[in-house]
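Work through the exercises below with the model open. Each one gives a task, then a solution in steps.

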Amino acid sequence: MEIITKAAKMRLISRKLWTEERSIGFVPTMGALHEGHLSMVRDARRMADVVIVSIFVNPSQFDSGKEFDNYPRDLARDADQLAPIDVDYIFAPSAEELYPPGFSSFVEVEGLNNKLEGQSRPGHLRGVMTALNILLNIVHPQFVFVGQRDAQQTAMVKKMARELHLPVEVVVTAIARETDGLAYSSRNQMLSPEERKAAPVLYRALHLAEEMFADGERRAAKILKAVRKEIEKESLAKIDYLAITDTEKLDPLDDLENQKALLSVAVLFGNTRLIDNVVLKDPRLKGKTGMLKLG
């Protein structure tokens, strides 16, 4: 496994792999790797000849400089986790490498960037899409792997790839969960012991919604009311938003009959904000709460 820090070298390696007709599976991350990331890497290993993982803490997607500075970074630890699963390259550029002085070009996915996360964190999704577009242009993979936990980002990546004619297949991987149901996230390590104990309420609330839908409930308002009530049982949980939308345009839904429906939640535990979701209905997406649990 080789660690690459320069875009020019990564581009040369990619070009050589294409010449050799070896497929590239790409997993973009911000490091602080956990089982959710590693499950995506394993999927990439099964599908592609060569696996490249990027580790780039993207300054343009943080709400503040303090949040960016406090984000966990440990490249050596991340590399130790990737080596046993046969990752070929880690691409770990600096912010200056991807955003040179005078940088002023950004990618916005109109119609999706101002909903859900876009309302709560203005500018965040523009930063995510811009960095990912740069990384895709450098790595030039045949497959890019994204996690269903970030459902809005997943929808945006698919739309961006389709509309900008990017020569890449977007592979959506199931949500990986800890043994108590909490979705794996780099932010989980920022929770206090009390907050960590409280956080699985998100899973319980989503699972309740899933059960209601399976039992025939099709009124979004009733499901949302039950989810809110379940989360509010936990005193340390502060709801940012709850929403039931379609799975592509992320427009709010009222009647879920014959609809491809996604339930998204964002909740604060102290200063740590966690997101999660469940796909109530869409056979193309792996969003069931029990799909993938890793302990």
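**Exercise 1. Find the partner of Glu67 and say what the pair ties together**.

Step 1. Glu67 forms a salt bridge with Arg121; their closest N and O atoms are 3.8 Å apart. A salt bridge here is a side-chain nitrogen of Lys or Arg within 4 Å of a carboxyl oxygen of Asp or Glu.

Step 2. Place both residues. Glu67 lies in helix α3 (residues 65-70) and Arg121 in the loop between α6 (117-120) and α7 (124-139), so the pair ties together parts that are 54 residues apart in sequence. Helices (H or I, at least four residues) and strands (E, at least two) are DSSP runs, numbered from the N terminus.

Step 3. Check accessibility. Arg121 has 8% relative accessibility and counts as buried. Buried means under 20% relative accessible area, exposed over 50%, partly exposed in between (1.4 Å probe, protein chains only).

A note on the source: this is a predicted model, where local features need pLDDT of at least 70, side-chain atom pairs count only at pLDDT 80 or more, and totals for chains, interfaces and linings use all residues. Residues are numbered from 1 along each chain as its sequence is written, and side-chain values use heavy atoms, with hydrogens and water left out.

**Exercise 2. Describe the salt bridge between Glu117 and Arg273**.

Step 1. The N to O distance is 2.7 Å.

Step 2. Glu117 sits in helix α6 and Arg273 in strand β10 (residues 272-281). The pair links distant parts of the chain, 156 residues apart.

Step 3. Are these two residues buried or exposed? Both Glu117 and Arg273 are buried.

**Exercise 3. Set out further salt bridges and the count**.

Step 1. Arg196 and Glu178 meet at 3.2 Å, N to O. Arg196 is in helix α9 (residues 193-198), and Glu178 is in the loop between β7 (176-177) and α9. They are 18 residues apart.

Step 2. Lys16, Glu20 and Arg22 are linked in a salt-bridge network.

Step 3. The count comes to 23 salt bridges.

**Exercise 4. Lay out the open sheet of three strands**.

Step 1. The order is β8-β9-β10, with antiparallel pairing. Two strands pair if DSSP finds at least two bridges between them.

Step 2. β8 (237-246) and β10 are the edge strands; each pairs on one side only.

Step 3. Nine bridges join β8 to β9 (residues 261-269). Asp246 has Ala261 in β9 as its bridge partner.

Step 4. Add the helix. Helix α11 (residues 220-231) packs on the sheet and touches β8 and β9 (contact means heavy atoms within 4.5 Å). The direction of α11 makes about 160° with that of β8. Axes are lines fitted to C-alpha atoms, for helices over the stretch in contact, and angles run from 0 to 180 degrees between N-to-C directions.
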